[in-house]
Amino acid sequence: MAKDYDAPPGVFDLLPSDPKEPWRSSYLWSHSESIMRNVAKNFGFAEIRTPIFEKTELFSRSVGEETDIVSKEMYSFVDRGGRNLSLRPEGTAPVIRAVVEHHLQHAEPLQKLFYIGPMFRYERMQAGRYRQFHQFGAEALGVRSPEQDVEMIDMAMTLFASLGLKNLSLQISSLGGKKTREAFREALKNHLKGSFDALSETSRRRFETNPLRILDSKDPQDQLALKGCPSILDLLEDDSKEHFIRVQELLNKLQIPYTINKNIVRGLDYYNDTVFEIISGELGSQNSVGGGGRYDTMIEELGGKSSPAIGFAAGIERIFQVLISQNSTLPKAPAPLLYLIPLGERAKLECFELMAFLRKQSLPVDMDLSSKKLGKAMQRANQINASFVAVVGDQELETGKIALKEMETGKGAEVPLKSLPRILEILSKQKETETIIEELLRPFDTAEEAKFFINKIGGSVEETTHLIESLKKAVAQMKEIS
Ligand code: HAM
């Protein structure tokens, strides 16, 4: 195909498996998304899905007209009805728009919502920075307490840990209220005034429009000018100061390590009080895997009833890049439990019927439909990582027994066809069975634990006794047969 039709810069495809860029393998994404959903469930968050485009005004109003995101990074367009629309550059404003539009807080002022999906920013391309990227985000509405802030941070850190990320650092700060930010803006401008001419072009521009962003500059000249600049933390009002101290106490209580970075500047204007970023040393200059903070005024600004809120979002591409640079074991791509290789037309028909039957039992089974030569069909079984393979010819059909060969070990076992569904069922549940056995073998610390376990697996002491008797019988029966 002509290069003309390649995907535009900054976006990418997720292929079933991508050996060159393993993080672009779709199974990795679906596997990780289910881990993320599980963490969200454990923290009591429900999923929300909003459209990928919104009215442009929504973002200029909430994220801020002067931010880079709104002023130069949005994919904005006029639709055929003359509406100014933009692909969402972030997920918080759309979530709040939906909450206000559907009056979700009327029935229940406390809302804990999460989302997973693509965001769009026309950014300068570099490693770890894309124009369509994906976020997991969570927003908790209705509670202003420091506990809510720490629940959010704990959720972010648990999410990263559950996905297998290591050595992340959590940085926190406080931006205080509006008064504090205004005072800090002035103090910062006063500090930089003398060295204005030495500032980089971008920072000179930001001096008037958004001086806080200068703190974020990596330019050495800007860094020099910033030396000894005032700290926003010294300007916090009592209420914000107390809040920030309590957040630190609670992080200590949950043993979540953190550092205070008074220079955290979020690229979005809606924050107040607690802000945080989660940084990985493995990511080069785009080192933030996630970030968030409190935004207590957005809901009212977007037409809802005044309500506090806090949230965070994590960059999914960056999560995978950290995992890969840390040489973490990645999950295996899903593969068939059994691959059937029929030899001849009669076997093909029998296997086809068997496969359809097994699939109805929810068993992942596949077969060679193209009548390849045996060697080629075995190669295919290998390629798709089938756990077991069975070659079925006339002899197997006659005896009603097939040889199951385990691909990894090369070991085989002859199995009556009528036992196949049950055997595959057992094989497919191997992990669950192992967990139950592991639990059984682990001594219980208290009688209550033992009681809970018995209730869970058997329902009652009698049923559990029955289960153990059945297991004994199965062992005896097996010994007898072999
Ligand atoms: P953000 O810091 O702009 O916050 O983005 C969150 C995360 O998305 C970043 O830490 C990064 O991992 C990832 N990210 C951002 N831009 C890109 C990009 N161009 N390419 C790849 N990854 C990227 C927000 O979006 C806020 N809505 C977070 C929030 C939720 N605050 C409160 N609630």
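1. K360 is exposed, with a relative accessibility of 69%. In this predicted model, K360 belongs to helix α13, which covers residues 345–360. The C-alpha atom of K360 lies 55 Å from that of S173, and the two residues are 187 apart along the chain.

2. The sheet comes next. It is open and has 8 strands, in the order β1-β5-β6-β11-β10-β9-β7-β8, with mixed pairing. The edge positions are taken by β1 (46–47) and β8; each has a single partner strand, so one side of each has no neighbour in the sheet. Strands of a sheet can pair in parallel or antiparallel fashion, through backbone hydrogen bonds.

3. Strand β10 covers residues 288–294, and 7 of its 7 residues are buried, so the rest of the structure largely encloses it. One partner of β10 is β9 (residues 272–280); these two strands run antiparallel and are joined by 6 bridges. Within that pairing, G291 of β10 is opposite E277. Another partner is β11 (residues 309–315), also antiparallel to β10, and here the count is 5 bridges. G292 is placed opposite F312 of β11.

4. F312 also appears in the pairing of β11 with β6: the bridge partner of A138 in β11 is F312. Strand β6 runs over residues 132–141 and pairs with β11 in the antiparallel sense, over 7 bridges. F312 is thus a residue to look at when tracing the sheet, as it stands opposite G292 and is the bridge partner of A138.

5. What are the partners of strand β7? With β9, β7 forms an antiparallel pairing over 7 bridges. Q171 has E277 of β9 as its bridge partner, and E277 is also the residue opposite G291 in β10. With β8 (residues 259–260), β7 runs parallel, and 2 bridges join them. I172 is opposite I260 of β8. Strand β7 itself covers residues 168–174; 5 of its 7 residues are buried, so it is largely enclosed by the rest of the structure.

6. Helix α6 (residues 146–162) lies across several strands of the sheet, namely β5 (111–120), β6, β7, β9, β10 and β11. Relative to β11, α6 runs at about 15 degrees.

7. Two packed helices can be described by the angle between their axes and the distance between those axes. For helix α1 (residues 26–42) and helix α12 (residues 316–325), the angle is about 105 degrees and the axes are 12 Å apart. The two helices are therefore roughly perpendicular to each other, as angles of 65 to 115 degrees are put in that class. On the α1 side the contact involves L28, W29, S32 and M36, and on the α12 side I316, E317, I319 and F320. The residues of this contact comprise 6 nonpolar, 1 polar and 1 charged.

8. Is helix α2 mostly buried or exposed? Of its 9 residues, 7 are buried, so α2 is largely enclosed by the rest of the structure. The buried residues are T56, L58, F59, S60, S62, V63 and G64. They pack against both helices and strands: α3, α4 (92–101) and α11 (298–301), together with β2 (53–55), β3 (76–78) and β4 (84–87).

9. Among the buried residues of α2 is S60; the helix covers residues 56–64. S60 has a relative accessible area of 15%, and the cut-off for buried is under 20%. Apart from neighbours within four places in sequence, S60 is in contact with E65 and V70.

10. T67 is located in the loop between α2 and α3 (68–72). Which is T67, buried or exposed? With a relative accessible area of 1%, T67 is buried. A polar atom of the T67 side chain lies 2.7 Å from the backbone oxygen of G64, and G64 is itself one of the buried residues of α2. If residues up to four places away in sequence are not counted, T67 touches K72, N210, G267, L268 and D269.

Notes:
Residues numbered from 1 in each chain as written. Predicted model: local features only at pLDDT ≥ 70, side-chain atom pairs only at ≥ 80, totals over all residues. Heavy atoms only, no water. Buried < 20%, exposed > 50% of the residue type's maximum accessible area, 1.4 Å probe, protein only. Helix = DSSP H or I, 4+ residues; strand = E, 2+ residues; numbered from the N terminus. Pairing = 2+ DSSP bridges. Contact = heavy atoms within 4.5 Å. Polar contact = N/O pair within 3.5 Å; in protein donor to acceptor, adjacent residues only side chain to side chain. Axes fitted to C-alpha atoms, helices over the stretch in contact; angles between N-to-C directions. Parallel < 35°, antiparallel > 145°, perpendicular 65-115°, else oblique. Nonpolar A, V, L, I, M, F, W, Y, C, P; charged D, E, K, R; others polar.
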